[in-house]
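Let's take a walk through this structure together, one piece at a time. Keep the 3D view open and turn it as you read.

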Amino acid sequence: MRMTVLASGSKGNSAVVSSSGTRILVDAGLSCRELMRRMAMVGENPETLDAILITHEHADHVAGLPVLARKFGIPVYFTEATHRAWVRQVTPQKRTTYAQWLEQRKAEMALRDEELVRSYAANACGAPNEAPDEHFFVPSAESMSEGSSEADKASEEHNAVKLAAAAAEDLCDEADAPAVKKSVKDNPSYLPVVEYFRAGSHLAIGDIDILPFTIPHDAADPCGFVFEAEGIRLGFATDLGYVPQNVKMALKNCDALLLESNHDLEMLRDGPYPWSVKQRVLSRVGHLSNTATAEFLTRDYDGGAAYVILAHLSESNNLPEMARLAAEQAIGDRLSLLGNKILLAQQAEPMQPLCL
Ligand SMILES: [Zn+2]
Ligand SMILES: [Zn+2]
């Protein structure tokens, strides 16, 4: 089996998991063009992908999804709830044309960004050099109705604008396929093939067996995965607020483990995010801190993986060496030259393919 992380972090996530006969793209959170560029860098060919498997509907996991799937006719696997949530995100409101809706969203977001900058300035933390990188929390319609805050609304708008902009920009890539173009015009959520899976139920894509498992995160129906083929097990879990029992069970006996190590608690607490965003990142449906990941590695990890890949590191609230140190200390004397090699998945460039 082989795994190649193309990108990891709140600006986009994607990885290729393959056996000798099957290739799966896990999430497509960069633009189609960038995904293609990074795949070319690591010797992967998008035309040979058998499936795109989606963990959850946040923009950093689906930004390039529709264009990539349409361009190469790749089947997309979601849970039904995640698919529904994604369709809602990419579908314009009724009685508004797509172009009007896009303009309206952009205008709303420009306003929102100005307000955010003003609120940063007011908090005397200095002007941020970037927007909060955990702005991809998109509350479901249900959770929005339970007293949603301004930050929640901002997050949702960010997500919608990002997705719409990505789709609009990438439409030009599809100009040579008039039938697809017409389908997209009629229905922005059009995908050539959609397949559903359910957390807790195995599915097979080619010769890869996949066990999706529920993770606690602020999305409609977020999942992690265990991939198994050719006697190798690969665990995959990012975007989770804590590590519940079902995740601990799923991640046993893995030969490689890709695990979130999102933030350093102190950096997050002292950092530039608005209080409401900090609360959400820290919450039970937010992201795993270095400390929480270390705790899992100390208490629950069986020590059997050749590689432990730390992923979804925050660029604002973490340092790669802090994440690495916390994991190394947690693994302690189980670290060896042969196994438990700790690697860091990066945002800006793909990792070398891992062969298992
Ligand atoms: Zn994410
Ligand atoms: Zn997420």
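What follows starts with the whole model and then moves from sheet to sheet.

First, a word on what you're looking at: this is a predicted model. The mean pLDDT of the protein is 86, and 80% of its residues reach 70 or more. One stretch needs some care, though. Over residues 123-154 the pLDDT stays under 50, and the model has 52 contacts beyond four places in sequence for that stretch. Where pLDDT is low, the predicted coordinates should not be read in detail.

Now for the inventory. You'll find 13 helices and 14 strands in the protein. There are 356 residues, and 48% of them count as buried. If you take the contacts between residues at least 6 apart in sequence, 70% of them join residues at least 24 apart.

Let's begin with the sheet that holds the start of the chain. In what order do the strands of this open, seven-stranded sheet sit? Reading across, the order is β6-β5-β4-β3-β2-β1-β14, and the pairing is mixed. At the edges stand β6 (194-196) and β14 (354-355), each with a single partner strand, so one side of each has no neighbour in the sheet.

Zoom in on β1, residues 2-7, which runs antiparallel to β2 and is joined to it by five bridges. Two of the facing pairs are easy to pick out: T4 stands opposite V16, and A7 stands opposite S14. Between these two strands the hairpin has six residues, and there G9 takes a positive phi near 140°. Strand β1 also has β14 as a partner, again antiparallel, with two bridges. Here R2 faces C355 of β14. Five of the six residues of β1 are buried, so the rest of the structure largely encloses this strand.

What about β2, residues 14-18: how many of its five residues are buried? Five of the five are, so β2 is largely enclosed by the rest of the structure. Look at where the residues point: S14, V16 and S18 go one way, A15 and V17 go the other way, and all are buried.

Carry on across the sheet to β3, residues 23-26. Four bridges join β3 to β2, and the two run antiparallel. They form a hairpin with four residues between them, and A15 stands opposite V26. On to β4, residues 51-53, where the pairing with β3 is in the parallel sense, over three bridges. In β4, I52 is the bridge partner of L25. Remember I52, as we'll meet this residue again.

Take a short detour to helix α4, residues 80-90. Its buried residues are T82, H83, A85, W86 and Q89. Seen down the axis of α4, the buried residues fall within an arc of 165°, so they line one face of the helix.

Now turn to another open sheet of seven strands. Its order is β7-β8-β9-β10-β11-β12-β13, with mixed pairing. The edge strands are β7 (203-205) and β13 (341-344), and each pairs on one side only. Ignoring direction, neighbouring strands of this sheet are turned by 20° against each other on average. Inside the sheet, β11 (residues 256-260) pairs in the parallel sense with β12 (residues 307-311) over five bridges. One bridge pair to look for is L257 with V308 in β12. Helix α13, residues 320-331, packs on the sheet and touches β12 and β13. The direction of α13 makes about 155° with that of β13.

That brings us to the core. In soluble globular proteins, nonpolar side chains tend to be buried together. The largest nonpolar core here has 82 residues. Which residues have the most contacts inside it? They are I52, L310 and A327. So I52, the partner of L25 in β4, turns up again. As for A327, leaving aside residues up to four places away in sequence, its contacts are S261, T293, A294, L297, V308, L310 and I342. Among them is V308, which you met above as the bridge partner of L257.

Conventions
Residues are numbered from 1 along each chain as its sequence is written. Chains are lettered from A and ligands numbered from 1 in the order in which they are written. A residue is buried if 20 or more other C-beta atoms lie within 10 Å of its own, exposed if 12 or fewer, and partly exposed in between; C-beta atoms are placed from the backbone. Two strands pair if DSSP finds at least two bridges between them. pLDDT is the predictor's confidence in each residue, from 0 to 100. Two residues are in contact if their C-beta atoms, placed from the backbone, lie within 7 Å. The arc is that of the directions from the helix axis to the C-beta atoms. Axes are lines fitted to C-alpha atoms, for helices over the stretch in contact, and angles run from 0 to 180 degrees between N-to-C directions. A nonpolar core is a set of buried Ala, Val, Leu, Ile, Met, Phe, Trp, Tyr and Cys residues joined through C-beta atoms within 7 Å.
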